[in-house]
Amino acid sequence: MERLFIYSACWSFGALLELEDRGKFNEKLMTMAQNPPPLDGDTCYEYFVDQQGAWQHWKTRVVEWLYPADREPKFAELLIPTLDSLRCESMLSMLVPSGKPVLFTGGPGVSKTACILMYLGGLSGETFNLKMTPFSFVTTPMIYQRTLESTVEKRQGRTYGPPGGKKCVFFIDDISMPVINNWGDQITNEIVRQSIGEAGVYNLDKPGEWKQFVDICYTAAMTHPGGGRNDIPNRLKRQYCLYNVTMPSLTAVDNIFGSIIRGRLSDKVVPK
């Protein structure tokens, strides 16, 4: 039970911490823990609890990536699994099927979007529909609502859901991008909050009629606010399970680019 508590504490209270603060959080946990993971220069964040209740290092679950032999891949489309992406996918796999909204935040280039897309790419098409919409400075509440409504069909009464009885994973990239008006409101994200918190929106064609949405799983990504980048309303933040995606380690970076270079220069792998 204590192991599960330590794991849960790391990915709830400590989920938004940066690398330096994670080290401090880890030190505090170790002073209170009686069954800590076998740390060897790592922190609790590098360990998870397996089905037998034992500590396991995340690196034991990282699978080797093989360069495609049947085609010439595009560099921008390559998604290389790492320890960091594996942890992010694990969080998504626990929360998304349960209908819990997830928001990844982090600095530029830390693979927030790539981690989510890697997870979405592994979902069964028989169970899930996927919809990705990038937000920008000019995204309006109507654009968002029309996009959301395009993913559902009428089921019964005023209840709407994805076609075929499936679930839909609705991914918003750069959710913090919409403009903030003169009163400090980000009106586009207020309707995002309504669609998540109230599970529906008002009908634009029939004023006053409420449309109830079911079987929609919300995910989002945003860059850290500051330096000219927007934040999102606190009332929207509380709707999400929040995770900070930190910069990958040098080992992870070497693994990513090393795997690509080794595959690209191998006569056995590169297509003729």
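Here is a chat about a predicted model of a protein chain.

Visitor: Let's start simple. How many helices and strands are there in the protein chain?

Guide: The chain has 272 residues, and 44% of them are buried. Its C-alpha trace spans about 60 × 60 × 40 Å along the principal axes. As for the elements in the protein chain, the count is eight helices and 11 strands.

Visitor: In what order do the five strands of the open sheet come?

Guide: Let's build it up from the pairs. β7 and β10 pair in parallel over six bridges, β3 joins β10 through five bridges, and five bridges also join β3 to β11. At the edges sit β4 and β11, each pairing on one side only. Put together, the order is β4-β7-β10-β3-β11.

Visitor: Which residue in β10 stands opposite Thr105?

Guide: Some other pairs in this sheet set the scene: Gly106 stands opposite Val245 in β11, and Asp173 stands opposite Ala221 in β10. For Thr105, the residue across in β10 is Met222.

Visitor: How many of the residues of β10 are buried?

Guide: Look at both sides of the strand. In a regular strand, side chains alternate between the two faces of the sheet. Here Ile216, Tyr218, Ala220 and Met222 point one way, Cys217, Thr219, Ala221 and Thr223 point the other way, and all are buried. So β10 is largely enclosed by the rest of the structure, and its buried count is eight of eight.

Visitor: Which element supplies the largest share of the largest nonpolar core?

Guide: Nonpolar side chains tend to be buried together in soluble globular proteins. The largest core in this model has 36 residues, with Phe104 and Tyr243 having the most contacts inside it. Elements that each supply at least two residues include α1, β3, β10 and β11. The largest share, six residues, comes from α3.

Visitor: And the second, separate core: how many residues does it have?

Guide: Among its members are Val152, Ile175, Ile191 and Leu236. The size of this second core is 21 residues.

Visitor: Back to Tyr243. Which residues does Tyr243 touch, leaving out those up to four places away in sequence?

Guide: Remember that Tyr243 is one of the two residues with the most contacts inside the largest core. Leaving out residues up to four places away in sequence, its partners are Trp11, Ala15, Leu16, Met91, Leu95, Val102, Leu103, Phe104 and Thr105.

Visitor: Are α5 and α6 roughly parallel or roughly antiparallel?

Guide: Pro141, Tyr144, Gln145 and Leu148 in α5 meet Ile187, Thr188, Ile191, Val192 and Ser195 in α6. By class, that contact has six nonpolar, three polar and no charged residues. The helices pack at an angle of about 30°, with their axes 8 Å apart. Since angles under 35 degrees count this way, α5 and α6 are roughly parallel.

Visitor: Is Phe137 buried or exposed?

Guide: Phe137 lies in the loop between β4 and α5. Setting aside neighbours within four places in sequence, Phe137 is in contact with Met177, Pro178 and Val179. The cut-off for this class is over 50% relative accessible area. At 53% relative accessibility, Phe137 counts as exposed.

Visitor: Last one. How far apart in space are Phe137 and Pro68?

Guide: In sequence, these two are 69 residues apart. In space, going from C-alpha to C-alpha, the distance between Phe137 and Pro68 is 37 Å.

Notes: Residues are numbered from 1 along each chain as its sequence is written. This is a predicted model: local features need pLDDT of at least 70, side-chain atom pairs count only at pLDDT 80 or more; totals for chains, interfaces and linings use all residues. Side-chain values use heavy atoms; hydrogens and water are left out. Axes are lines fitted to C-alpha atoms, for helices over the stretch in contact, and angles run from 0 to 180 degrees between N-to-C directions. Helices (H or I, at least four residues) and strands (E, at least two) are DSSP runs, numbered from the N terminus. Angles under 35 degrees count as roughly parallel, over 145 as roughly antiparallel, 65 to 115 as roughly perpendicular and the rest as oblique. Contact means heavy atoms within 4.5 Å. Ala, Val, Leu, Ile, Met, Phe, Trp, Tyr, Cys and Pro count as nonpolar, Asp, Glu, Lys and Arg as charged, and the others, Gly among them, as polar. A nonpolar core is a set of buried Ala, Val, Leu, Ile, Met, Phe, Trp, Tyr and Cys residues joined through side-chain atoms within 4.5 Å. Buried means under 20% relative accessible area, exposed over 50%, partly exposed in between (1.4 Å probe, protein chains only). Two strands pair if DSSP finds at least two bridges between them.
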